[in-house]
Amino acid sequence: MNTGDERLEGILARLAPVVLPPADFPPAQIVRDTPREELRDRIRKNAEEVGIELTEAHWEVIDFLLDFYTYCCETHAPRYTDMRAYWRYIDCLKDPQCESEMEGKKTETCQYGQLSATEATSAYRVYRVLLKAFADKGGKKHLYELFPYGPVFTIHLLAGLPRLRHDVDPHFGTAY
């Protein structure tokens, strides 16, 4: 085992990641229900514990992923806060000229698409969104320079989020 593998094993041992999430409880629900500053503090603490120094470039990717989970991933919980917002949203679905508060957020933030609750539990689907979002900065190369063990995998470990399906494929030496 080389030092990179030993370091990864050490990180995994320290952070003790949880097993795969149930299909009906995607990470998006956890991100929505947890205050952002609390998530950021957890990420800082865990990164410090395992010896990862987070730069502004790291935080740009982390914040993008957290925003993507918040606004662009479906969950089984409703995305509305009250009945007025719900009916306005429903009415806007029929009228292309309509702009509800929810629609504005969705179209502005979800330029790389939306994922269903099931798709949001697949590491590859989330990884593809990150590749599109950071293509202008170097895409895969940029992401793996920042997160050598895989961007989605590492961010989930640091944030204490459930691991996604197929986040690591040891047969191909891949971590998303």
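1. How many helices and how many strands are there in the chain? The answer is nine helices and two strands. Please keep in mind as you look around that this is a predicted model. Following the sequence from its start, you will meet the elements in the order α-α-α-α-α-α-α-α-α-β-β.

2. Here is the overall picture. The chain has 176 residues, and 42% of them are buried. Its exposed surface comes to about 10100 Å², with carbon and sulfur atoms supplying 52% of that area. Taking the contacts between residues at least 6 apart in sequence, 69% join residues at least 24 apart.

3. A good place to begin inside the model is the largest nonpolar core, which has 39 residues. The members that touch the most other members are Ile 43, Val 61, Ile 62 and Tyr 69. Two or more residues of this core come from each of α2 (27-33), α3 (36-50), α4 (56-72), α7 (123-133), α8 (140-146) and α9 (151-159). Helix α4 gives the most, with nine residues.

4. Ile 62 is worth a closer look. Once its neighbours within four places in sequence are set aside, Ile 62 is in contact with Ile 43, Leu 54, Phe 147 and Ile 155. Of these partners, Ile 43 is, like Ile 62, listed with the core members that touch the most others.

5. Now turn to His 58, which is found in helix α4. Is His 58 buried or exposed? His 58 counts as buried because its relative accessibility is 7%, and the cut-off for buried is under 20%. Leaving out residues up to four places away in sequence, His 58 touches Glu 53, Leu 146 and Phe 147. Phe 147 may ring a bell, since Ile 62 is in contact with Phe 147 too.

6. On to the charged side chains. Side chains of opposite charge can pair when their charged atoms come close. Across the whole structure, a search finds seven salt bridges. One of them is formed by the side chains of Arg 40 and Asp 63, at 2.7 Å from N to O. This pair links distant parts of the chain, with Arg 40 in helix α3 and Asp 63 in helix α4, 23 residues apart.

7. How do the two partners of that pair sit relative to the surface? Arg 40 counts as buried because its relative accessibility is 17%, whereas Asp 63 has a relative accessible area of 22% and is therefore partly exposed. The line between the two classes is drawn at 20%.

8. Another salt bridge joins the side chains of Asp 41 and Arg 44, at 2.6 Å from N to O. Both residues lie in helix α3, three residues apart, which is about one turn of the helix. Asp 41 is partly exposed, with a relative accessible area of 41%, and Arg 44 is partly exposed as well, at 35% relative accessibility.

9. Finally, have a look at Glu 119 and Arg 125, whose side chains meet in a salt bridge at 3.2 Å from N to O. Glu 119 has a relative accessible area of 28% and is partly exposed. Arg 125 is also partly exposed, with 36%. Elsewhere, salt bridges that share partners join Glu 37, Asp 41 and Arg 44 into one network.

How values were computed. Residues are numbered from 1 along each chain as its sequence is written. This is a predicted model: local features need pLDDT of at least 70, side-chain atom pairs count only at pLDDT 80 or more; totals for chains, interfaces and linings use all residues. Side-chain values use heavy atoms; hydrogens and water are left out. Helices (H or I, at least four residues) and strands (E, at least two) are DSSP runs, numbered from the N terminus. Buried means under 20% relative accessible area, exposed over 50%, partly exposed in between (1.4 Å probe, protein chains only). Contact means heavy atoms within 4.5 Å. Accessible areas come from the Shrake-Rupley method with a 1.4 Å probe; for residues, only the protein chains shown count as cover. A nonpolar core is a set of buried Ala, Val, Leu, Ile, Met, Phe, Trp, Tyr and Cys residues joined through side-chain atoms within 4.5 Å. A salt bridge is a side-chain nitrogen of Lys or Arg within 4 Å of a carboxyl oxygen of Asp or Glu.
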